[in-house]
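Subject: Structure for you, with notes

Hello,

Here is the structure to open on your side. My notes follow below it.

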Amino acid sequence: QVQLVESGGGLVQAGGSLRLSCAASGSIYSTNTMGWYRLVPGKQRELVATITRSGSTNYADSVQGRFTISRDNAKNTVFLQMNRLKPEDTAVYYCNTRWFRGGNLFDYWGQGTQVTVSS
């Protein structure tokens, strides 16, 4: 079983910064991708950023240049540094890890952490 525990959410004024962390534990495959997604009530969950084990990153256009994803492979931890936050970044942010093995997708989610950006 795999567990993901997020931390670092909170309330911040527009223009401010927050850093999210997510620690993964359990039977994690060595080539896993880790990432952050967010959910706003009434909307579909959207990708924020992902990072492969080798460090290749992918960002949503809406956060490119403001957010930075990184990871510590030794600790199975992923981070999301969020700068120049906007009110539209308000959402519940979810950590994710996934990998393919034996033709199957293994896909795990954290419990979510609230980020609120006030104008």
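Two strands pair if DSSP finds at least two bridges between them. Helices (H or I, at least four residues) and strands (E, at least two) are DSSP runs, numbered from the N terminus.

This is a predicted model: local features need pLDDT of at least 70, side-chain atom pairs count only at pLDDT 80 or more, and totals for chains, interfaces and linings use all residues. Residues are numbered from 1 along each chain as its sequence is written, and side-chain values use heavy atoms, with hydrogens and water left out.

The hairpin. S7 (67-72) and S8 (77-82) pair in the antiparallel sense over 6 bridges. Isoleucine 69 has leucine 80 in S8 as its bridge partner. The hairpin has 4 residues between the strands, and asparagine 76 takes a positive phi near 50 degrees there. Most residues other than glycine have a negative phi. Arginine 84 also shows a positive phi of about 50 degrees, and is not a glycine. Arginine 84 sits in the loop between S8 and S9 (91-101).

S7 faces. Phe67, Ile69 and Arg71 point to one face and are buried (under 20% relative accessible area, 1.4 Å probe, protein chains only). Thr68, Ser70 and Asp72 point to the other face and are not buried.

The disulfide. There is 1 in the structure (cysteine sulfur atoms within 2.5 Å). Cysteine 22 is joined to cysteine 95, S to S 2.1 Å. Cysteine 22 lies in S3 (residues 18-26) and cysteine 95 in S9, so the pair ties together parts 73 residues apart in sequence. The S-S torsion is about -85 degrees, so the disulfide is left-handed. Both cysteines, 22 and 95, are buried.

Best wishes

Definitions and conventions: Buried < 20%, exposed > 50% of the residue type's maximum accessible area, 1.4 Å probe, protein only.
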